[in-house]
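The exercises below are meant to be worked with the sequence and the 3D view side by side. Try each task before reading its solution.

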Amino acid sequence: MTRISSTSIVMLTMIASPAIADGSNMPARAHDRGPANVELANRNATLAPKADAFLNAVQVYPYSAGTIYKLITAPERITDIALEQGETLVSVASGDTVRWVIGDTSSGNGATKRTHILVKPSLTGLSTNLLITTNRRAYHLALISTGRTALTGISWSYPEDALLALRRANDAARAAEPIAAGIQVEQLHFNYAISGDAPAWRPLRAFDDGRQTYIEFPVTIAVGDAPPLFLVAGKGEAQLVNYRLRDRFYIVDRIFDQAELRFGAGKQQVVRITRTATTRRRRAS
């Protein structure tokens with residue numbers, strides 16, 4: 001019987017695993033890539049001044065959270081960082097507070113008041129970072145100083161805020177519009193019965209104007225899940241129908257006899273809407 005010494009086992013293990021033989025391992029190598037990954041991310045996130053983005057002498061950057069904005073400065077020159085009108089400065093922090101002079105001032109008053117952060121390096125060839133926080137957002141800047149030229153100032157445009165404002169204006173305009181226009185009260189028919197389950201979204205009522213059917217829900221329908229609407233034929237077959245959600249109303253472009261609102265998987269919640277016969281008032285004899 002041949003015996004294998006412990007020295008032989010160690011040598012075989014080192015041959016089978018070169019990483020062990022040279023004292024390295026994969027987790028350590030992955031860790032070594034961390035700084036390179038950070039450097040790559042910072043480089044990809046940095047915006048430099050562009051020739052077509054100047055408003056006179058001011059570079060206007062499009063604001064986006066997490067972006068790093070390059071600020072080119074020079075000794076004996078002040079570069080102005082202008083915030084949005086009405087924006088309140090909370091704090092300014094810099095990686096180098098010894099060789100950089102950083103202060104703040106303001107222009108305008110009331111709703112047009114604007115905060116300005118003023119930056120000036122003491123030497124050429126410097127670089128550091130700057131973080132500005134306000135009541136609205138945070139700005140990350142990469143500061144460099146050169147001996148040739150400096151930006152007069154920078155400011156920002158806010159495309160995301162403009163889009164949100166436009167959406168809010170459109171939503172407000174839609175909310176101010178009537179659910180249906182040109183309808184007389186005497187044209188409405190409320191002869192609909194609601195039966196079945198009692199979920200939170202159960203309709204309050206249903207009515208029609210002779211052309212369209214309206215299903216009114218509680219106000220909570222705006223923040224919860226909306227159930228799909230199915231038309232039910234005489235033999236019980238259900239067919240999904242097109243409808244529009246306006247405010248808290250379903251609007252169906254037809255009159256139906258029976259419909260069902262169904263929600264859930266497995267055991268569904270079902271609410272049935274049935275059009276009943278109209279009752280005419282008798283004339284006084």
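**Exercise 1. Find which residue of strand 8 is the bridge partner of glycine 103, and then describe how the strands involved are joined.**

Solution. Begin with the residue pair: in this predicted model, glycine 103 has leucine 118, in strand 8, as its bridge partner. Next, widen the view to the strands, where strand 7 (residues 100-107) runs antiparallel to strand 8 and is joined to it by 8 bridges. Then follow the chain between the two, since strand 7 and strand 8 form a hairpin with 6 residues between them, and in that turn glycine 108 has a positive phi of about 75°. Finally, turn to strand 5 (residues 79-82), which pairs with strand 8 in the antiparallel sense over 4 bridges, with isoleucine 81 standing opposite isoleucine 117 of strand 8.

**Exercise 2. Decide whether threonine 79 is buried or exposed, and locate a polar partner for its side chain.**

Solution. First place the residue, which is found in strand 5. The cut-off for buried is under 20% relative accessible area, and threonine 79 counts as buried because its relative accessibility is 0%. Then look for the polar partner: a polar atom of the threonine 79 side chain lies 2.8 Å from the backbone oxygen of leucine 151. Lastly, survey the surroundings, where, leaving aside neighbours within four places in sequence, the contacts of threonine 79 include Leu71, Ile117, Val119, Leu151 and Gly153.

**Exercise 3. Identify the residues with the most contacts inside the largest nonpolar core, and the elements that give two or more residues to this core.**

Solution. The largest nonpolar core has 19 residues, and Ile81, Leu141 and Trp156 are those with the most contacts inside it. Two or more residues come from each of strand 4 (68-73), strand 8 (114-121), strand 9 (127-134), strand 10 (138-145) and strand 11 (153-157), and the largest share, 3 residues, is that of strand 10. Apart from this core lies another, of 16 residues, among them Tyr250, Val252, Phe256 and Val271. To finish, inspect tryptophan 156, which touches, among residues more than four places away in sequence, Tyr61, Tyr69, Ile81, Leu83 and Leu141, to name some of them.

**Exercise 4. Work out which strands stand at the edges of the open sheet of 4 strands.**

Solution. Read the order, 13-14-18-17, with antiparallel pairing. Strand 13 (205-208) and strand 17 (244-246) each have a single partner strand, so they stand at the edges and one side of each is left without a neighbour in the sheet. From one strand to the next, the twist averages 25°. As a check at one edge, strand 13 pairs with strand 14 (residues 213-216) over 4 bridges, and alanine 206 stands opposite isoleucine 215 in strand 14.

How values were computed: Residues are numbered from 1 along each chain as its sequence is written. This is a predicted model: local features need pLDDT of at least 70, side-chain atom pairs count only at pLDDT 80 or more; totals for chains, interfaces and linings use all residues. Side-chain values use heavy atoms; hydrogens and water are left out. A nonpolar core is a set of buried Ala, Val, Leu, Ile, Met, Phe, Trp, Tyr and Cys residues joined through side-chain atoms within 4.5 Å. Buried means under 20% relative accessible area, exposed over 50%, partly exposed in between (1.4 Å probe, protein chains only). Contact means heavy atoms within 4.5 Å. Two strands pair if DSSP finds at least two bridges between them. A polar contact is a pair of N or O atoms within 3.5 Å; within protein, one must be able to donate a hydrogen and the other to accept it, and residues adjacent in sequence count only if both atoms are side-chain atoms. Axes are lines fitted to C-alpha atoms, for helices over the stretch in contact, and angles run from 0 to 180 degrees between N-to-C directions.
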